[in-house]
Amino acid sequence: MTTNTPASNTPKFPEQVTGMYVLARALKNIGIETVYGLVGIPITEAAYMIQGQGIRFVGFRHEQQAGMAAATDGFLTKKPGVLMTVSSLGFMNGLTATANATVNCYPMIQISGASDPKMVDMNMGTYEQLDQFNTAKPVVKAAFRCNRAEDIPSAVARAYRAAVSGRPGGVYIDMTTPALGQVMNMEDAEKLLYQPVDMYSPVAPNKEAVDRAVEILTSAKRPAILLGKGAAYAQVDDKIKTLIEKYNIPYLPMSMAKGLMPDAGPLSALSCRSTIMQQADVVMIIGARLNWMLSFGKGKWNPEMKFIQLDVEPQEIDVNVPIAAPVVGDMGLALDAILDKLSTVKMNADPAWLTSLQAETKEKDSKFQARLAANKDAMPMDHWTAIGAIKPIIESNPDIILVNEGANTLDDTRDAVDMSLPRHRIDCATWAIMGMGMGSAIGAAVSTGKQVVAVEGDSAFGFSGMDFSTICRFKLPVTVIILNNGGIYNGVGVPMDQTTDPAPTTLDINARYDKLGEAFGAQTYYVQTPDELTKALTESIASKKPCLINVQLAADSGKESGHIGYLNPAPLQNIKV
Ligand code: ADP
Ligand code: TPW
Ligand code: MG
């Protein structure tokens with residue numbers, strides 16, 4: 001009978017190896033440079049083997065954060081980020097991040113140790129028993145269960161292809177103990193390995209689709225381009241720049257597409273979102289979805305609007321509104337074909353459209369500056385005072401990757417801080433989830449070698465805060481800024497009369513998060529004024545060390561749900577706004 005962790009399976013080194021060695025070699029072979037994870041039975045030795053192959057193993061304090069790191073690595077590199085978890089709860093903790101990656105179209109692979117499926121299927125109560133394969137299936141793009149060491153190289157190659165091809169997403173490999181523990185001769189193990197080729201095969205859109213899209217674009221009087229994080233992910237920056245600049249088309253970026261074209265560039269319509277929705281006659285959507293963040297393409301939008309949509313996923317077309325010109329295929333090939341065709345025809349845009357957007361931008365920007373200036377000296381600081389200090393520092397260090405989560409902290413930072421380089425902003429994205437901060441900061445720092453600044457609400461930080469210690473252990477150049485207003489949305493929630501407990505939205509306005517940083521040897525700051533914040537952030541960036549800045553805000557800074565309060569089914573009356 002097969003047992004879960006067969007002690008008799010000890011290989012005779014060096015002639016013999018196990019499935020774990022095959023896994024490490026298969027990952028190396030396919031070009032994986034980093035594995036993010038958290039070890040224990042049955043994957044501990046696998047992690048050592050992975051290190052032995054010269055792959056970096058970044059060990060976390062919580063699997064969700066390891067998964068967020070893997071997903072961010074995937075988004076930034078176009079190669080799948082790899083997460084490794086133990087069975088049962090470790091698997092489930094990691095799966096939340098893999099599901100989030102699937103929703104956001106980030107390529108990643110979760111490899112989880114799993115109990116012997118023969119025992120799981122018979123409900124025999126084996127160690128950490130859970131039918132992980134079927135649990136994962138509904139929330140991932142593809143799932144494989146690997147029972148034999150012989151299948152590991154092909155499982156890894158197929159998972160890689162599934163993660164990056166078509167619409168990218170999260171892929172699951174159930175790596176069972178029989179496969180991990182299988183003993184074989186080294187020679188036979190080496191023979192299993194092969195070099196998979198052509199891991200990503202871009203598919204071109206058809207000619208009719210391209211011609212139709214160009215015809216509609218050139219017929220537009222008031223055209224605009226909407227850039228989404230799929231456009232940032234695709235790494236086709238020059239083609240997008242050519243399309244926009246050569247044909248003078250104003251652009252509006254979604255939050256993680258900020259910087260793909262400069263937010264403060266002459267064709268940026270970042271401040272004219274409503275005008276574009278209401279007045280543009282043709283909008284070309286490049287790697288974005290008409291989901292809740294864009295009011296599903298209706299209501300506020302011009303009902304006569306013609307949408308052109310560039311997307312690799314055919315099922316994304318016509319989701320909420322009819323798309324006049326779908327261009328389904330790889331972004332790079334689609335843009336090549338569109339640019340080619342455009343060079344033979346003429347745009348017909350009304351020059352007054354661009355001029356009016358530019359005038360509106362100027363007016364809105366000066367209002368925004370006035371708002372920042374008005375709050376400049378607030379004491380205690382509010383969100384705007386703090387972000388007013390952060391803004392010029394991030395903007396003058398454009399190569400810093402900005403990680404951002406919270407409610408008001410997210411909305412206000414996103415609105416205030418202009419980005420000027422592609423893929424330099426990572427946030428809670430499509431699901432608007434809290435708990436990506438430390439993981440994404442680590443994934444960004446490890447996969448790019450760049451400096452990272454994470455701007456976190458105090459609640460948001462709480463979801464992943466313990467993995468600040470991972471930033472410290474790996475000595476990553478990451479500065480974490482916590483905007484502490486003592487709560488979810490703010491710290492002035494009033495509890496119901498029936499209780500002496502804190503209100504559901506209330507956290508701790510007096511918490512000293514900087515002391516938490518101290519515990520792990522970080523450079524830390526507690527700041528109460530914008531000048532102190534400016535000094536702390538400047539020093540932190542210069543140090544290139546793990547740093548944590550606790551920014552003391554007023555408890556009444558921030559409103560319920562930030563900018564998306566309108567989504568509340570019925571906002572509570574007793575939350576002070
Ligand atoms: P945002 O949140 O910025 O609006 P979404 O995540 O909603 O962006 O949309 C990204 C879109 O980009 C998805 O529909 C996805 O299918 C698409 N996409 C991702 N990668 C590519 C690619 N290489 N080529 C074409 N489309 C892509
Ligand atoms: C996994 C609900 C949305 S925003 C937020 C929560 C808990 C925190 C807002 O407070 P924070 O920011 O971070 O202090 P600020 O500046 O407004 O005070 N659980 C998950 N995801 C979400 N989105 C929530 C809960 C939520
Ligand atoms: Mg808060």
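## Two ligands and a magnesium ion

In this predicted model, a backbone N or O atom of Ala407 sits 3.3 Å from an oxygen atom of ligand 2. That's a handy way into the ligand 2 site, where Gly487 also puts a polar backbone atom 3.0 Å from a ligand oxygen. Met434 joins in with a backbone N or O atom that lies 3.1 Å from a nitrogen atom of ligand 2. On its own, ligand 2 would expose 590 Å², and the protein buries 77% of that.

Who else is around? The shell of ligand 2 counts 17 residues, with His383, Asn408, Thr409, Ala432 and Asp458 the closest. Two elements, α17 (408-416) and α19, each give two or more residues to this shell, and α19 is the top contributor with four. By class, you get eight nonpolar residues, eight polar and one charged.

Now for the metal. The magnesium ion (ligand 3) is held by Asp458 (OD), Asn485 (OD1) and Gly487 (O), at 2.0 to 2.1 Å. Along the chain, these donor residues follow the spacing D-x26-N-x1-G. Asp458 belongs to helix α19 (residues 458-464), while Asn485 is in the loop between β17 (478-484) and α21 (513-519), so the pair ties together parts that are 27 residues apart in sequence. Two of these donors have already turned up at ligand 2: Asp458 is among its closest residues, and Gly487 makes a backbone contact with one of its oxygen atoms.

On to ligand 1, which sits in the largest cavity. Its surroundings comprise 21 residues, of which Arg167, Lys229, Arg289, Asp311 and Val312 come nearest. Helix α11 (residues 229-233) gives the most to this shell, with three residues. The class split here is nine nonpolar, five polar and seven charged.

Here are the polar contacts of ligand 1, side by side:

| Residue | Protein atom | Ligand 1 atom | Distance |
|---|---|---|---|
| Arg167 | polar side-chain atom | oxygen | 2.8 Å |
| Met331 | backbone N or O atom | nitrogen | 3.1 Å |
| Gly287 | backbone N or O atom | oxygen | 3.5 Å |

How much of ligand 1 does the protein bury? Taken alone, ligand 1 exposes 590 Å², and the protein buries 98% of that. For ligand 2, recall, the buried share is 77%. The shells are worth a look together as well: seven charged residues line up around ligand 1, against one around ligand 2.

Key: Residues are numbered from 1 along each chain as its sequence is written. Chains are lettered from A and ligands numbered from 1 in the order in which they are written. This is a predicted model: local features need pLDDT of at least 70, side-chain atom pairs count only at pLDDT 80 or more; totals for chains, interfaces and linings use all residues. Side-chain values use heavy atoms; hydrogens and water are left out. A residue is near a molecule or strand if one of its heavy atoms lies within 4 Å of it. A polar contact is a pair of N or O atoms within 3.5 Å; within protein, one must be able to donate a hydrogen and the other to accept it, and residues adjacent in sequence count only if both atoms are side-chain atoms. Accessible areas come from the Shrake-Rupley method with a 1.4 Å probe; for residues, only the protein chains shown count as cover. On a 1 Å grid over the protein atoms alone, a cavity is a set of points where a 1.4 Å probe fits but cannot get out, and a pocket is an open set with protein on both sides within 12 Å along at least five of seven lines; lining residues have an atom within 4 Å of a point. A molecule sits in a cavity or pocket if more than half of its atoms lie within 2 Å of its grid points. Ala, Val, Leu, Ile, Met, Phe, Trp, Tyr, Cys and Pro count as nonpolar, Asp, Glu, Lys and Arg as charged, and the others, Gly among them, as polar. Donors are N, O and S atoms within 2.8 Å of the metal (3.2 Å for Na, K and Ca); water is not among the atoms, so sites may look incomplete.
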